[in-house]
Each structure stands twice: as structure tokens, then as C-alpha cells.
Amino acid sequence: MQTPVQIRESVVIRFAGDSGDGMQLTGTQFTNTSALLGNDLATFPDFPAEIRAPAGTRAGVSGFQLHFSSDDIYTPGDAPGVLVAMNPAALIKNIGDLSGGGICIVNTDKFGDRDLAKADLTSNPLEDGTLDGFRTIPIRLSTLVKDAVKPHGLNAKESDRCKNFFALGLTYWMFNRPMETTQTWIKGKFKGKYLDANLAALQAGYNYAITAEIHHETYDVKPAKLDPGLYRNITGSEAVGLGFVTAGLKSGLPVFLGSYPITPASDMLHVLSKYKHVGVSTFQAEDEIAAVCAAIGAAYGGSLALTTTSGPGLALKGEAVGLAMMVELPLVIVDAQRGGPSTGLPTKTEQSDLLFAMYGRNGESPLPIVAAATPSDCFGATIEACRIALEHMVPVLLLTDGYMANGAEPWQIPSADSISAIHHRQTTEHNNPDGDYLPYKRNPETLARMWALPGTKGLEHRVGGLEKQDETGHVSYDPANHQLMTNIRQDKVERIADHIPLQETFGADGGTLVLGWGSTFGAIRQAVVAGQARGWDVAHAHLRHLNPFPRNLGELLARYDRVIIPEMNMGQLNKLIRAKFLLDVVSLPKVTGQPFKVQEILAAIDANR
Amino acid sequence: MTADEVGVEEETPSYTKKDFMSDQMIRWCPGCGDYSILSQVQTTFTQLGIPRENFAVISGIGCSSRFPYYMNTYGFHTIHGRAPAFATGLKATRPDLSVWVITGDGDGLSIGGNHLIHCLRRNVDLNVMLFNNRIYGLTKGQYSPTSEVGKKTKSTPLGSLDAPFQPLELALGAGCTFLARSVDIYPKDLRAVLKESEAHSGASFLEIYQNCNIFNDLAFDSVVNRKVKAETCVFLQHGEPMTFGAKDAPKGLRLSGLSIEVVSLAEGSGYTASDCIVHDRHNKVLAGMLVQLDYPDYPVPMGVLYQEARPTYDGAFQEQLRYAETIKPDVSLDAILQSGNTWTVE
């Protein structure tokens with residue numbers, strides 16, 4: 001008898017296991033398969049900083065949450081409806097998030113006394129009532145996998161490592177997903193007995209689910225009604241990489257990345273390292289400081305230069321970024337923010353570097369700041385950051401965070417033709433017939449200087465970190481000149497506001513405005529949509545440009561009775577808005593290392609409407 | 001492609017020293033050794049066959065690092081200790097330029113030690129000039145990583161405690177492929193090693209003994225003073241025996257077991273120049289001994305101590321870009337954006 005299929009609008013599933021159990025891989029495979037089925041989706045990988053914390057302990061639990069839907073979605077979901085738990089630690093750490101009546105698939109082979117002890121459990125959650133109120137599907141997963149892969153000659157340890165594919169096969173059955181995408185991936189990734197064993201484990205999981213009819217019904221989620229076009233699934237890190245590749249080709253400049261590995265920014269280095277064939281060079285420096293300094297050196301030589309890092313790295317780069325600001329060279333600094341302060345929570349997300357990006361340099365050192373909102377928005381935000389850097393001859397800070405760097409969503413791929421060319425200010429023309437070249441002569445409207453490269457005959461000049469005389473760039477300690485140059489550098493950044501879009505809002509004027517920036521976009525938008533559906537007067541504005549703000553922001557904020565600012569920090573945009581507009585906004589701070597839940601924002605709107 | 005290869009065309013103008021002098025007032029203290037070094041560099045630059053616009057002079061922070069402002073070339077006065085990193089990014093992306101790094105014992109060996117060793121390890125085709133005056137000058141006289149133990153300064157009134165670096169020993173350990181030493185007051189020798197630095201393909205490290213007449217006057221006087229230098233310095237010549245000493249008291253360096261010993265070559269001493277070590281600048285074991293020779297136990301080696309042929313980082317960097325293009329030629333932006341698993345929504 002065919003198991004009945006129930007159509008669901010959306011499903012949130014979370015895979016949880018040991019760091020070595022391959023949960024990230026399992027989640028990614030489920031994501032790619034669902035993307036190809038045409039679902040809208042959002043993912044949230046959540047893993048510990050330790051590569052392999054002691055097996056079976058709570059510290060070692062790694063999770064991957066996926067929200068897939070036939071409707072528009074904005075977040076990976078507040079609460080999973082399905083939890084796959086590979087051991088007691090994964091179960092106990094995640095069961096609290098599972099929605100009431102949710103399905104819990106458990107590997108019961110890992111619930112011996114020693115397993116329970118590793119997870120600091122004194123009683124067995126399979127028996128002590130922990131799972132009351134959930135639909136539990138107990139499966140002797142380790143045993144079944146061992147039997148399934150036996151013909152392929154793997155030892156016990158190797159067999160056990162196939163169990164994530166078995167779990168994936170189970171869930172593919174439960175959610176009516178085809179297995180071809182994963183099978184193709186396995187064939188490309190593994191060889192020999194490992195190829196055979198992983199394929200067997202995947203199939204065995206699927207077959208077991210059918211045969212044992214592990215659940216009385218299966219579920220299907222139909223394709224989402226996305227805008228027509230060509231799509232791919234993309235993480236924030238990939239989108240940043242493609243953004244830089246695109247900006248290089250659209251500006252006609254070679255791209256140079258100077259970087260030093262740091263979580264969660266390293267993937268940007270990995271992605272960009274694959275594009276040498278289109279003129280992208282990458283340099284893994286000896287440290288964070290050298291990474292940015294080499295990038296500035298490349299910018300001095302005429303490259304579209306960038307550096308990628310996270311908070312601790314940005315702290316180290318501060319002095320060099322100040323120099324780039326002082327000499328007025330184009331540079332993009334990407335900060336994939338993570339939980340701070342200090343080493344903080346490397347694999348968890350936070351937005352707490354905003355004020356640091358704004359003010360984290362010695363002296364009066366204003367810089368433009370651009371923030372991406374979602375994984376796919378990283379593409380456009382990166383191009384925007386490059387455009388500002390090149391057209392205004394200024395270092396630009398691009399803020400992402402761990403949540404969007406690792407998270408994935410479908411991306412409607414733009415055609416190359418639809419992306420505008422980026423203009424840069426390289427010159428071979430002498431600008432002072434009566435004397436030496438004037439490196440700091442400016443465009444009267446933007447105040448941007450020209451970019452004369454070494455190797456250009458007749459334009460020899462010197463730049464440096466000492467205060468410089470207007471136009472000539474000669475070292476100057478003149479008091480009035482220092483005031484003038486400080487004003488110019490400030491003014492130059494403020495005038496960028498004439499070259500960025502006005503701020504838009506989602507929803508009508510009046511009532512409550514939720515003002516956000518960065519990766520809170522999804523949770524805010526979904527909460528505002530929900531609020532509007534309840535008839536509340538609530539709107540959403542999401543800032544891509546944090547310095548300078550869009551020209552109309554002050555006037556826009558004034559149109560609302562109340563402004564709420566949810567942030568994954570202690571209220572940093574809140575401080576900037578208060579300082580700039582003298583506005584009594586409501587701050588909704590959160591620093592748990594976890595993204596906002598829709599419910600948290602919805603509750604805040606309800607309390608302030 | 002090195003700057004030499006593109007530069008030695010018939011169109012390279014013939015320069016005079018004045019062509020390399022900027023219009024900026026030089027603000028080093030009167031009597032500073034930097035004046036002579038600047039002058040030798042300006043003179044040498046006229047003789048390299050490189051167009052003026054292809055020189056980039058990159059410095060960090062400190063007295064020596066004001067150097068680019070006084071050179072009428074492209075110049076970048078960066079931040080403390082980081083000049084090698086800026087220069088690495090510049091040279092990797094612009095191998096056509098002749099890139100010179102100006103640093104000092106504080107800038108290069110203290111705050112910037114990490115960048116210095118890594119640019120030498122990578123063998124970036126840079127000319128690194130380290131002005132060693134064994135003191136912090138610009139911050140007004142604190143001891144430096146090359147100051148002798150017991151140095152009394154404002155920050156070490158009872159004497160410094162830490163052992164100094166021997167810069168060339170450090171550079172050799174870092175894998176540097178060209179090591180040389182000269183002195184601010186030896187213009188001819190200095191110009192000779194500057195030329196050799198530029199001719200070397202790879203990272204060239206040139207230590208220059210430089211006198212700070214304000215905070216550490218005569219720091220090297222006992223070695224470099226013209227009255228004593230015949231006795232205190234050994235001027236290395238590739239393929240020649242290592243001899244030194246006054247005319248009436250000739251000496252040489254002889255290998256004794258695994259050590260170098262100073263022997264008299266005077267008549268009746270039993271030794272002649274043929275007993276002395278013949279300098280082989282390509283011998284790394286010998287270089288390992290030479291970098292340790294210091295006054296007063298030994299004469300200080302001057303000139304080129306070591307040279308090694310090794311592919312440059314910037315050369316390999318560019319080669320890899322070209323290689324990548326050959327294995328994936330003519331890739332369009334659309335093809336890049338549309339790579340991976342895609343699907344169409346109708």
C-alpha cells in the first residue's frame with residue numbers, strides 16, 4: 001500500500017549529531033535537492049568552534065536547519081517540525097526547539113549507558129518522558145548502516161561514517177525528495193568502496209523507510225512561486241566571491257585579495273581562490289595585518305583590492321585601513337561578523353562590529369559602510385561596495401555575518417549584461433601643466449582624487465600616512481591645512497549619499513517602523529508580514545548603507561510614531577540613529593549567538609504598536 | 001618580466017642624480033648617516049637603466065622611512081613595520097616595477113619582524129634596505145633589537161637585558177636569497193651593493209650600518225672608522241681569499257675544523273692567502289658562518305655574503321595566473337554566475 005502523501009506549505013527540518021557525523025553535509029545535500037525541486041529555502045548551519053569536540057558530548061553537537069517552502073520565506077524557521085538526532089547529546093540539546101507534535105527521528109543505537117554519560121544524562125531521554133508530546137521514530141540506525149554497507153568491505157569505523165547518508169535517505173523518503181542529486185554528488189566525491197558504501201547507505205535508508213513504513217504518512221512541499229528565471233542555491237560567502245569576480249570584470253581591473261584564515265570569513269578566500277583564470281589573485285598572508293597591507297599595496301599598483309576577515313582580524317587591520325583612508329586608495333574590507341568580544345564565539349553570529357567599523361580607527365577616520373541583508377544579497381552589496389570604493393577613492397567596509405556567510409538560499413542569477421559597468425579613476429594624464437603632478441586634486445562634486453599608478457611616466461608622486469597638503473600631497477603640519485583635510489575626508493564620505501538609492505520601506509507610513517540592517521532582514525520581514533496580516537500598522541525599512549545613511553532617512557523615520565531596531569548586538573545602530581536624528585527609538589538587542597526568531601520580533605512589534 | 005627586461009630599451013632616458021631628487025626639504029638631523037645613503041641611492045638609480053617612473057620606494061615608520069619623500073620616484077610612506085607587506089602586494093601584482101623597501105632596525109626587526117621574515121621566505125623580488133643604527137631615533141632614543149646588551153637609554157636606564165638580532169643571520173634563517181652589508185660612509189661600496197641588490201632576482205636584503213649622531217653617535221665607529229676599517233672589516237670578493245688587515249699586518253680568515261679563525265699572514269707566520277677561505281657567495285654553509293662574524297672577535301664581513309638562485313614569488317604568482325587562464329580560457333561572466341546546480345523557474 002502506498003503511504004499517503006500530505007502536502008505541506010513549508011517544513012523546517014534540523015539535522016543534529018556529532019561534529020564528525022557529517023550533519024553539515026547531510027543538510028547541504030537536502031538543501032541542494034530541495035532547491036532543484038524549486039522550493040524557496042533558507043538554511044542555518046550551527047556548529048561548534050572545535051573541529052572534533054569529544055564524541056558524544058554536548059559540546060560537540062553540530063546542527064543544520066533547513067526551511068523549505070512552496071511560498072516565499074525569509075528565515076530558516078523559528079522551530080523545526082522535524083528533528084533528526086544522531087545521539088543523546090544532539091537530542092537533548094535540540095529537543096527544546098522542536099515544535100509541539102513534531103517528528104523526532106532518533107538513532108537508538110547510541111543510547112547505551114556510556115553514551116548517556118557522555119551527554120551528561122542520568123536517565124534515558126527515550127524512556128524518561130523527554131519525548132512526550134512528540135512523534136518519535138526510533139531507528140537502530142548504526143546497526144542498519146553496518147549491515148547495509150557490509151558487502152563493501154568497510155571496517156567498523158568507516159561503516160559508521162556512512163550513517164549520515166542513511167539518515168538522508170530516510171528523510172528523502174519522508175519528504176518525497178528524489179535522490180539523483182545526492183547520488184551524482186557522491187559519485188563525483190568518492191571512489192571505490194567508499195563510493196559504493198555511501199550509495200548503498202543512502203539507498204538503504206530510503207528502502208528501510210519504505211519497508212518499515214517508519215511513519216504513517218509522508219510529506220511533499222511543492223515548488224515555490226518564484227519569479228521566472230534561472231536559479232542556483234548560494235551561500236553568503238559564495239555570493240561575496242562572485243560579487244568581487246563580477247566587480248573585477250565590470251571595472252576591467254584585476255582583483256587582488258589579501259587574506260588570513262579566520263572563521264567565518266575563510267570561505268570567501270576559498271571561493272575567490274578558484275577564479276585565477278579570470279584575473280582574480282589571492283594571497284594568503286602571514287597575518288591579518290599583512291593581508292590588508294598587501295591589498296593596499298596592490299591597490300596602489302592599480303588592482304581592485306580587498307581583504308576578508310572577521311572581528312578579531314578587523315581589530316588588527318585598523319591602522320592599515322586608516323592609512324588607506326588617509327592616502328585615499330580604493331579598498332574593500334569584508335567583515336563576516338561573529339560573536340565577540342575578543343575570540344568570542346567564532347562559529348556563532350552577531351552584528352556587534354558596526355560601531356567598530358564606524359569608529360575603529362585612530363583619528364578622524366570616517367569610512368563608508370555597506371551591509372548585506374541575506375546570503376544572495378551579498379552579491380549586490382559586494383558590487384556596491386566595490387563601486388563606492390572605486391568611484392570615490394575610499395576604503396569601504398562591507399559587513400556580513402556568520403549567519404549569512406554560511407546560510408544558503410535560492411538566488412535568481414542575473415544576466416551579466418544587466419549589471420552596470422563600474423568606473424574607476426585611473427589616469428595617465430598630468431593635471432598640473434605648471435609643475436608636479438597633483439595627487440590630491442579632486443573631483444569638485446565627489447571630492448574623489450585621481451588614481452595615478454606607479455609606472456606612469458611624468459606622474460611620479462609620493463603618498464603616505466602623514467598629514468598632507470591639499471592637492472600636492474606634500475607633508476604638512478599646518479594647522480589650518482589639517483582642519484581643511486579632515487573636513488574634506490569627512491565631506492567626501494558624506495557626499496556618497498548623493499550616489500546611493502533613497503531608503504525604501506515595506507508597508508505604509510505611520511504606526512510602527514521596524515528598522516534593521518544586515519542578516520536580521522529575514523526575521524524582520526517575516527514578522528512585519530505577519531503583523532500586517534493581523535491588521536497592525538507596521539512597516540519595515542532595511543538599511544544597506546550605514547555610512548552615510550540614505551539622504552531621506554531622517555525624514556522617513558519622522559513619518560512613523562515608533563521605530564524599533566532589532567539588532568544582534570547591544571544596540572549599536574540604535575546609538576547611531578539616536579545620535580544622528582535625536583530620535584527616541586526602541587532598541588531590541590540580542591546577543592545569544594543565534595539569529596532572531598520571527599516570534600521575538602513579532603512580540604516586540606506587538607508591544608510597541 | 002623584470003624591470004630590467006622592459007626597461008633597457010633605447011628610450012630609457014639618461015638621468016642625472018638631480019632627476020631623482022624631490023623638491024622636498026630633507027628633515028633628517030644634520031650629520032645623519034641617512035644623507036649619504038639617500039645620495040648613493042639617487043646616484044645608483046641613474047645607472048640601472050630603469051625608467052624613473054618604474055621605481056616604487058616603500059617605507060614603514062622611523063627616521064629612515066621618510067626616505068620616499070626625498071626621492072623623485074613613486075613612493076609610499078606606509079605604517080610601522082609593514083612596508084614588506086605593502087611591497088609584496090605591489091610587486092606580486094606589478095612585477096614590472098622595481099620595488100625598494102626602506103626600513104630600520106626598529107621598523108624591520110621589531111614591530112615588523114614578521115613581515116620581514118615572510119617576504120624573505122617567499123623570495124619576493126624586492127630590494128630591502130635596512131638602515132641599522134642600533135637605536136630608535138624618531139621616538140628619541142630607546143634601545144632597539146640590534147642594540148648591544150646593557151645598552152643604557154631613556155627606556156633602559158640600568159641597561160637593556162635582551163640579546164640583539166644579527167640582522168643578516170635572521171635574514172639567512174628566513175630563507176633570504178641575497179645578503180649584503182655596507183656602511184653609510186662607504187659610498188662606493190654602498191653603490192656597488194645597491195646595484196647588485198637590484199640585479200638579483202629575488203628578495204635582496206641589504207644591512208647598512210648607519211650612524212645616528214644624535215642618539216647613538218659612533219655606534220659603529222670602532223668598526224667602520226677609516227683609520228681602523230682595514231683591521232675590523234673584511235671586504236668580501238667572490239672567488240677571492242678572505243684577507244684583511246693593515247699593509248704591515250696582513251691577516252686572513254682560515255677554516256679550522258668547523259670554525260673560522262683569524263690568522264696572521266705576515267711573513268714567517270706560516271700562512272699565506274692561499275690558506276684562507278675563498279669566498280663563495282653561493283655557499284650557504286659558509287654564509288651561515290659569515291653572518292655570525294662580528295667585531296671584536298672577527299672582522300665584520302662587508303659586501304655580498306650570500307646569493308642563491310631561486311624562483312621569485314611574484315614570478316610564480318603571475319605564472320599561476322597565466323596557467324589558470326590556459327586551463328580555463330575565455331570564461332564569460334554569465335558562465336561563472338550560472339555554474340553549479342541551476343534550475344529554471346518558468
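1. Let's start with a strand pair: Ala371(A) sits opposite Leu399(A), the latter in S15(A). That contact belongs to a parallel pairing between S14(A), residues 369-371, and S15(A), made over three bridges. To get from S14(A) to S15(A), the chain goes through helix H14(A), residues 377-392, and this β-α-β crossover is right-handed. Keep in mind while reading on that this is a predicted model.

2. S15(A) has another neighbour as well. Strand S13(A), residues 331-337, runs parallel to S15(A), and seven bridges join the two. If you want one pair to click on, take Val332(A), whose bridge partner in S15(A) is Val396(A).

3. Why call S15(A) largely enclosed by the rest of the structure? Seven of the seven residues in this strand (395-401) are buried, so the label follows. Both faces are covered: on one side Pro395(A), Leu397(A), Leu399(A) and Asp401(A) are buried, and on the other so are Val396(A), Leu398(A) and Thr400(A). For anyone colouring by residue type, note that Asp401(A) and Thr400(A) are on that buried list too.

4. Next, helix H9(A), residues 236-251. What distance does H9(A) reach from its first C-alpha to its last? The answer is 22 Å for 16 residues, close to the 22 Å expected at 1.5 Å a residue. 16 of the 16 residues in H9(A) are buried, so this helix is also described as largely enclosed by the rest of the structure. Right after H9(A) comes Gly252(A), with a positive phi near 75°.

5. Helix H6(A), residues 163-174, can be checked along similar lines. At 1.5 Å a residue, its twelve residues should span 16 Å, and the end C-alpha atoms lie 17 Å apart, which agrees. H6(A) is mostly covered, with twelve of its twelve residues buried. Among them are the aromatics Phe165(A), Phe166(A), Tyr172(A) and Trp173(A), but also Lys163(A), Asn164(A) and Thr171(A). Just past the helix, Asn176(A) takes a positive phi of about 55°, so to speak a second one to look at in your backbone plot.

6. On to the domains of chain A. The assignment splits this chain into domain 1 (5-221), domain 2 (232-418), domain 3 (425-500) and domain 4 (512-607). The centres of domain 1 and domain 4 of chain A, taken over C-alpha atoms, are 35 Å apart. How many residues do these two domains bring into contact with each other? Five from domain 1 meet eight from domain 4. The domain 1 side of that contact divides into three nonpolar residues, one polar and one charged.

7. Asp78(A) deserves a look of its own. You'll find it in the loop between strand S4(A) (61-69) and strand S5(A) (82-85). Is Asp78(A) buried or partly exposed? It has 18 other C-beta atoms within 10 Å, and therefore counts as partly exposed. Leaving out residues up to four places away in sequence, Asp78(A) touches Lys597(A), Val598(A) and Gln599(A). By contrast, 40 Å separate its C-alpha from that of Leu390(A), which is 312 residues away along the chain.

8. Now the partner, chain B. It has twelve helices and twelve strands, and its C-alpha atoms fill a box of roughly 100 × 45 × 45 Å along the principal axes. Of its 346 residues, 47% count as buried. Taking the chain B contacts with a separation of 6 or more, 67% come from residues 24 or more positions apart.

9. Last, where the two chains meet. 52 residues of chain B are in contact with 59 residues of chain A. Several elements of chain B each supply at least two residues to its side, namely S2 (74-77), H3 (83-93), H5 (113-122), H11 (313-327), H12 (333-337) and S12 (342-345). Which of these gives the most? That would be H3(B), with eight residues. By class, the chain B side holds 23 nonpolar, 20 polar and nine charged residues.

10. There is strand pairing across the chains too. S19(A), residues 462-464, and S2(B) pair in the parallel sense over three bridges. Within that pairing, Val463(A) stands opposite Phe76(B).

Conventions
Residues numbered from 1 in each chain as written. Chains lettered and ligands numbered in written order. Predicted model: local features only at pLDDT ≥ 70, side-chain atom pairs only at ≥ 80, totals over all residues. Buried ≥ 20, exposed ≤ 12 C-beta atoms within 10 Å, placed from the backbone. Helix = DSSP H or I, 4+ residues; strand = E, 2+ residues; numbered from the N terminus. Pairing = 2+ DSSP bridges. Right-handed = clockwise from strand over helix to strand, strands pointing away. Expected span 1.5 Å × (residues − 1). Contact = placed C-beta atoms within 7 Å. Nonpolar A, V, L, I, M, F, W, Y, C, P; charged D, E, K, R; others polar. Domains from an automatic or database assignment.
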